[in-house]
Amino acid sequence: MCARGYDVLTIDSASNNWFLSKDIDVLGRELVNISQGYDRSVSLCFSMGIMGALLFRDQLRLKNIMAFSPFISIFGDDIPDYRLKKFRKIVNCPEYRDRWKEGGKDIRGVLCFDPYMPFDAPQARLVHEYYPNLKPVALPFGWHPSTQVIREGMGIRSIYDLIDNDDFTPCGMKSLHTSARLQSAKYKKSLYNRRKIIL
């Protein structure tokens, strides 16, 4: 992306705690300073990265999001799933857990998920509930995050091409996945194994 002329900022969580720590207000203020002078910013998110994007959407003035396997909540009243309980021990500041739900409703983009991964579809639906312009897109057999078929079939640069072309639409992502799966041995093997199980 740098080679294409973009300035790139990576936000990560050192302890995999969904960014729910005492540092988020300080980080938010710094991001306001960093984002000055830019007309527009976009976010490419993987798994819990969607939380960082939505927590700091206003500070970064985000216009578009492309998320793969967005994993937004580990709390039972959002998504009742006992398997998420172990993740709650990592969180330092659960009182910030609903901040991502506030504001920024004009953000547009896609929430890509593998429909065969048990966590992923409910998580994408939850984000879409609060951000209706972020559209869920099923990418079968992409695993978590749901990029593996695209990476194998077309390469990661094909995702960058969509961003470069300002294509944050379900149609663009579905078309990319369709082209990729024709070249992906992983997709063909997964499809064969699933059909074998069903039969």
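The following paragraphs describe the overall fold, the surface and one helix of a predicted model of a protein chain.

The secondary structure of the protein chain consists of nine helices and four strands, and when these elements are read along the sequence they follow the pattern α-β-α-α-β-α-β-α-β-α-α-α-α. Along the principal axes, the C-alpha atoms fill a box of roughly 55 × 45 × 30 Å. The radius of gyration of the protein chain is 17 Å, which agrees with the value near 16 Å that would be expected for a compact globule, because the chain has 199 residues. Among the contacts with a separation of 6 or more, 72% are accounted for by residues that lie 24 or more positions apart in the sequence.

Of the 199 residues in the protein chain, 44% are buried. The area that the protein chain exposes comes to about 10900 Å², and carbon and sulfur atoms supply 52% of this area. As for charge, the protein chain carries 29 positive and 22 negative charges, and the mean positions of these two groups are 9 Å apart.

Helix α5 offers a closer view of the interior. In this helix, which spans residues 120-130, the residues Asp120, Ala121, Gln123, Ala124, Leu126 and Val127 are buried. An α-helix has 3.6 residues a turn, so residues three or four places apart point the same way. The buried residues of α5 pack against one other helix, α2 (49-55), and against two strands, β3 (108-113) and β4 (134-138).

Note on methods
Residues numbered from 1 in each chain as written. Predicted model: local features only at pLDDT ≥ 70, side-chain atom pairs only at ≥ 80, totals over all residues. Heavy atoms only, no water. Rg over C-alpha atoms; globule rule 2.2 N^0.38 Å. Buried < 20%, exposed > 50% of the residue type's maximum accessible area, 1.4 Å probe, protein only. Contact = heavy atoms within 4.5 Å. Areas by Shrake-Rupley, 256 points an atom, 1.4 Å probe, with all protein chains shown as cover. Lys, Arg positive; Asp, Glu negative; His and termini not counted. Charge placed at Lys NZ, Arg CZ, Asp CG, Glu CD.
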